[in-house]
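This briefing goes through a protein model by topic, beginning with strand pairing. Please keep the sequence and the structure open while reading.

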Amino acid sequence: MTSEEPELREPDMPRTMKVRQRALRTGWTTGSCASAAAKAATALLRTGKPADHVQIALPSGNRVTFRVEEAALTGGRARAVVVKDAGDDPDVTHGAHITADVSWLDRPGIELDGGEGVGVVTKPGLGLELGGPAINPVPRRMITHAVAEALTGTDLDSPPERPAEPGTGRGVRVVISVPEGERMARKTTNKRLGILGGISILGTTGIVRPFSTASWRASVEQAVSVMAAQGEDTLVLCTGGRTEKGAMKMLPRLPEVCFVEVGDFTGAALRRAVQHGLRQVVFVGMVGKLTKLAAGVLMTHYTRSRVSTDLLAEITAEMGGSAELAAEVAAANTARHAYELWEDAGLLGRCGRELCRRVAGVLERFAAEEAGGELAVQVVMVDFTGERMVSMYGRLAR
């Protein structure tokens with residue numbers, strides 16, 4: 001069987017992620033906890049008064065309250081600790097003591113760094129500065145926003161979509177640390193990705209939802225059923241919140257019910273679509289998920305599948321890339337790294353379209369061979385904001 005027609009695989013979920021007899025609790029990302037700790041420490045530094053609880057803004061604009069586990073002021077440094085509650089997600093950082101140390105600067109601004117237990121970025125492909133702390137862009141904005149609120153003593157009206165302006169007064173240095181973070185990181189893929197010495201500070205919504213559970217799969221299937229019940233015929237599957245937001249901008253004429261966050265459960269969504277007699281599917285995703293799908297993997301949880309950079313190297317060669325470039329792509333650290341190599345070589349659009357073509361072929365074949373129906377599939381690859389279309393393949397009937 002060639003890479004053009006890979007074996008279709010839909011791995012079962014890990015044993016620890018089977019159905020539970022009760023509803024699954026959501027939790028908070030390390031980014032949310034770091035933001036709360038940073039705000040508590042900054043407020044303590046400014047006022048000299050420790051707080052038992054602190055409120056922060058999520059990227060959605062909703063405000064949530066966190067309990068402050070510890071708070072101490074020593075000289076010119078304030079420390080606050082928030083204990084992470086990951087809900088019912090099988091997260092290695094559940095119970096971690098997310099710690100912020102805040103001290104004054106002699107200049108305006110908010111300086112953010114990582115301390116003990118926060119990984120250091122050593123390889124490209126993560127969208128983070130090499131040598132810098134593994135604190136992802138959304139958590140960075142959330143932390144900056146929370147600290148700016150603490151410095152002014154007021155809640156900012158806008159959600160933390162972009163870094164808050166720190167004002168013209170004294171600035172602060174914020175260091176996020178996670179005791180035992182290096183030990184926790186051994187149970188993650190961080191080392192393989194070039195994140196050394198600790199965990200990553202993650203999160204795009206601030207909320208941990210148990211995406212990789214049977215309950216989430218059931219919610220995907222239910223969303224498809226609800227969409228079909230409305231009489232709509234075009235299902236838009238999005239890999240997450242960012243891609244869903246971007247897809248809604250790309251397809252403004254479709255009602256909201258047509259858009260489903262599919263997470264890792266593309267196979268389950270396609271089966272349900274065929275059951276309801278749907279005929280058209282648009283799949284919107286970033287390069288990592290698309291690569292797994294192009295390899296024939298229909299349940300894409302990270303514990304059950306890996307990105308095939310060999311597949312991406314094959315596409316590179318077929319689309320006119322040099323042997324040297326194909327070798328670089330094959331050795332890429334992540335799918336994002338391969339994406340960046342394509343972009344630097346001026347091949348992103350061409351290679352991206354070929355990747356989308358292969359994904360469309362896999363999804364249509366899965367619908368026919370595994371679900372027993374026929375689907376017309378359009379695949380869109382978006383950038384890492386989720387809002388800009390990079391490549392597309394397929395045309396839907398109107």
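Strand β7 (residues 110-114) runs parallel to β10, and five bridges join the two. Strands pair when DSSP finds at least two bridges between them; helices (H or I, at least four residues) and strands (E, at least two) are DSSP runs, numbered from the N terminus. This is a predicted model, in which local features need pLDDT of at least 70 and side-chain atom pairs count only at pLDDT 80 or more, while totals for chains, interfaces and linings use all residues. Residues are numbered from 1 along each chain as its sequence is written, and side-chain values use heavy atoms, with hydrogens and water left out.

**Strands**

- Ile110 has Val172 of β10 as its bridge partner.
- Strand β10 (residues 172-177) also pairs with strand β6 (residues 97-104), in the antiparallel sense and over six bridges.
- In that pairing, Ser103 stands opposite Arg173 of β10.
- Five of the six residues of β10 are buried, so the rest of the structure largely encloses this strand; buried means under 20% relative accessible area, exposed over 50%, and partly exposed in between (1.4 Å probe, protein chains only).
- Strands β2 (residues 53-57) and β3 (residues 63-67) are antiparallel and pair over five bridges.
- Ile56 is matched with Val64, its bridge partner in β3.
- The hairpin of β2 and β3 has five residues between the strands, and Gly61 there takes a positive phi near 100°.
- In a regular strand, side chains alternate between the two faces of the sheet.

**Overall make-up and confidence**

- The secondary structure consists of twelve helices and 18 strands.
- The protein has 398 residues, of which 51% count as buried.
- The accessible surface is about 18,100 Å², with 47% of it belonging to carbon and sulfur atoms; these areas come from the Shrake-Rupley method with a 1.4 Å probe, and for residues only the protein chains shown count as cover.
- Of the contacts (heavy atoms within 4.5 Å) between residues at least 6 apart in sequence, 70% join residues at least 24 apart.
- Mean pLDDT, the predictor's confidence in each residue on a scale from 0 to 100, is 87, and 88% of the residues reach 70 or more.
- Residues 15-21 have pLDDT under 50 throughout, and the model gives them eleven contacts beyond four places in sequence.

**Helix α7**

- Eight of the ten residues of α7 are buried, so this helix is largely enclosed by the rest of the structure.
- The buried residues of α7 include Leu270, Arg272 and Val274.
- Arg271 is also found in α7 (residues 266-275), but Arg271 is partly exposed, at a relative accessible area of 28%.
- The C-alpha atoms of Arg271 and Phe366 are separated by 8.7 Å, although these residues are 95 apart along the chain.
- Gly277, just after α7, takes a positive phi of about 75°.

**Salt bridges**

- The count is 21 salt bridges, where a salt bridge is a side-chain nitrogen of Lys or Arg within 4 Å of a carboxyl oxygen of Asp or Glu.
- Glu149 and Lys39 form a salt bridge in which the closest N and O atoms are 2.8 Å apart.
- This pair links distant parts of the chain, with Glu149 in helix α2 (residues 137-152) and Lys39 in helix α1 (residues 30-47), 110 residues apart.
- Glu149 and Lys39 are both buried.
- Glu221 forms a salt bridge with Arg272, with 3.6 Å between the closest N and O atoms.
- Here Glu221 belongs to helix α5 (residues 214-229) and Arg272 to helix α7, and the pair links distant parts of the chain, 51 residues apart.
- Glu387 forms a salt bridge with Lys245, at 3.8 Å between the closest N and O atoms.
- Glu387 lies in the loop between β17 (376-382) and β18 (389-393) and Lys245 in helix α6 (residues 241-250), so the pair ties together parts 142 residues apart in sequence.
- Glu387 is partly exposed, with a relative accessible area of 34%, and Lys245 is partly exposed as well, at 44%.
- Glu314, Glu318, Glu354, Arg357 and Arg358 are joined into one network by salt bridges that share partners.

**Cysteines**

- The structure has zero disulfides, a disulfide being a pair of cysteine sulfur atoms within 2.5 Å.
- Cys33 counts as buried at 1% relative accessibility, and Cys356 is buried at 0% relative accessible area.
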